[in-house]
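The following exercises concern helix packing, strand order and the surroundings of a ligand. Please work through each task before reading its solution.

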Amino acid sequence: MKILINGGCGFLGSNLASYGIQKGFQVTVLDNLSRIGSKENLKWLQSYGKFDFVNIDVADEADVFDIVANTQPDGIFHLAGQVAMTTSITNPDLDFRTNTIGSFNILEAIRRFSPNSHAIFSSTNKVYGDLQEIEIIENDTRYIAPGYCSGFGANDIHLNFQSPYGCSKGAADQYFLDYNRIYNLNTTVFRHSSMYGGRQFSTTDQGWIGWFISEAIKFQKGEISEIAIAGNGKQVRDLLYISDMVDLYYSALGNEIVYGKAFNVGGGNENSMSIIELFNFLSEKMNVEFRFKFNESRISDQKIFVSNNFELEQALNWFPKCTKEQGLENMIEWVTKTP
Ligand SMILES: NC(=O)c1ccc[n+]([C@@H]2O[C@H](COP(=O)([O-])OP(=O)(O)OC[C@H]3O[C@@H](n4cnc5c(N)ncnc54)[C@H](O)[C@@H]3O)[C@@H](O)[C@H]2O)c1
């Protein structure tokens, strides 16, 4: 099995790559090493065994064509991306070139040189916009969408691209589906919300679980006395732990049942959590008292996003196995030992 992992030195990519290397697959990791932590992840991967690494920018059409033509992969995980909504607003050009043009280059390379590859694209819940049209109520710690007790399936809500990030990822998401429709390519789209786990180097703009754990450590050490959060802290996401994500991508690989389809993917309702609930959990586990103030909500932030994984369960018998409690304990350990 030959696998090309675009963005293979990122959080998702390095976990997928390490799994593939350990399975004895022929793995090619493509990355331009632009993300904080990507060089460390490359070094970490090298400790797992043999694989090819190419330092390529996905926005560079000639380089992308070459690597796809030369490797003819059975599977392509397309994860390389500009990942922060905030950065997309300050640098829409980088965001568009990376997310839309980069993804288009991959699709064109597959169409021309490797039409039998199965390409899986990691899209985002941001393709649905702020979901203002959905009735939402709130209790003391979280927002609730009473009409969607099992979460949102991909066919339950409408695409509504907002923010440059929503537009650039959304365009790529639709190109992936259309290249199946028009050119019969084997493409699949997974729309993710919040994932977390080892090899994730969180920042204030991306990876909120890891970021707040690192803030909790600063509270413990007395380095800070207050943090600011965007909105009122009742925003809810369903947390998907990295081992479940890896399991999903490899279960889907080469499986015709997922070709041409888009799925919402997350930890599901039972693994959902608001920022305030995360603070409560961390306060207890880490013996720390959070003090925080509220800032303006982020532009087009969803009050709640929880995936309904029913269609994936039907198609692949896949469902998240790691509970949020276990995943968060693992994440505390990872962040604590990360320099
Ligand atoms: N992590 C999440 O919770 C989450 C949620 C929704 C969607 N996603 C999507 O999943 C994908 C992977 O996310 P992640 O958390 O692993 O992100 P990440 O930032 O850790 O990994 C992305 C990798 O892509 C590389 N990269 C960036 N621009 C590149 C370019 N122009 N050419 C080549 N490589 C480039 C980076 O160096 C990095 O190693 C992203 O596309 C993201 O939009 C992630």
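Axes are lines fitted to C-alpha atoms, for helices over the stretch in contact, and angles run from 0 to 180 degrees between N-to-C directions. Helices (H or I, at least four residues) and strands (E, at least two) are DSSP runs, numbered from the N terminus. The model is predicted: local features need pLDDT of at least 70, side-chain atom pairs count only at pLDDT 80 or more, and totals for chains, interfaces and linings use all residues. Residue numbers start from 1 along each chain as its sequence is written.

**Exercise 1. The sheet**

Determine the strand order of the open sheet of 7 strands and identify its edge strands.

Solution. Two strands pair if DSSP finds at least two bridges between them. Step 1: the order is E3-E2-E1-E4-E5-E8-E12, with parallel pairing. Step 2: strand E3 (52-55) and strand E12 (261-265) each pair on one side only and are the edge strands. Step 3: on average, neighbouring strands of this sheet are turned by 20 degrees against each other, direction ignored. Step 4: within the sheet, E1 (residues 2-6) and E4 (residues 75-78) pair in the parallel sense over 4 bridges. Isoleucine 3 has glycine 75 of E4 as its bridge partner.

**Exercise 2. Helix H5 and its neighbours**

Establish which strands H5 lies across, and how H5 and H6 are oriented to each other.

Solution. Contact between two residues requires C-beta atoms, placed from the backbone, within 7 Å. Step 1: H5 lies across E1, E4 and E5 and runs at about 170 degrees to E4. Step 2: H5 (residues 92-113) packs with H6 (residues 163-183) at an angle of about 10 degrees, their axes being 8 Å apart. Step 3: angles under 35 degrees count as roughly parallel, over 145 as roughly antiparallel, 65 to 115 as roughly perpendicular and the rest as oblique. H5 and H6 are therefore roughly parallel to each other. Step 4: the contact includes Phe96, Phe104 and Leu107 of H5, together with Tyr165, Tyr175 and Phe176 of H6. Step 5: by class (Ala, Val, Leu, Ile, Met, Phe, Trp, Tyr, Cys and Pro are nonpolar; Asp, Glu, Lys and Arg charged; the others, Gly among them, polar), the contact of H5 with H6 has 12 nonpolar, 4 polar and 3 charged residues.

**Exercise 3. Two crossings of helix H7**

Describe how H7 crosses H9 and H11.

Solution. A crossing is left-handed if the near helix is turned anticlockwise from the far one by less than a right angle, and right-handed if clockwise. Step 1: the axes of H7 (residues 208-220) and H9 (residues 275-286) come within 11 Å and cross at roughly 45 degrees; the two helices are therefore oblique to each other. Their crossing is right-handed. Step 2: Ile209, Phe212, Ile213, Ala216 and Gln220 of H7 meet Leu278, Leu282 and Met286 of H9. These residues divide into 7 nonpolar, 1 polar and no charged. Step 3: the axes of H7 and H11 (residues 324-337) come within 9 Å and cross at roughly 60 degrees, so H7 and H11 are oblique to each other. H7 passes H11 in a right-handed crossing.

**Exercise 4. The ligand shell**

Which residues come nearest to the ligand, and which helix gives the most to the shell around the ligand?

Solution. A residue is near a molecule if its C-beta atom, placed from the backbone, lies within 6 Å of it. Step 1: of the 29 residues around the ligand, Gly7, Gly10, Arg35, Gly81 and Ser122 come nearest. Step 2: helix H1 gives the most to this shell, with 3 residues. Step 3: by class, the shell has 10 nonpolar, 15 polar and 4 charged residues.
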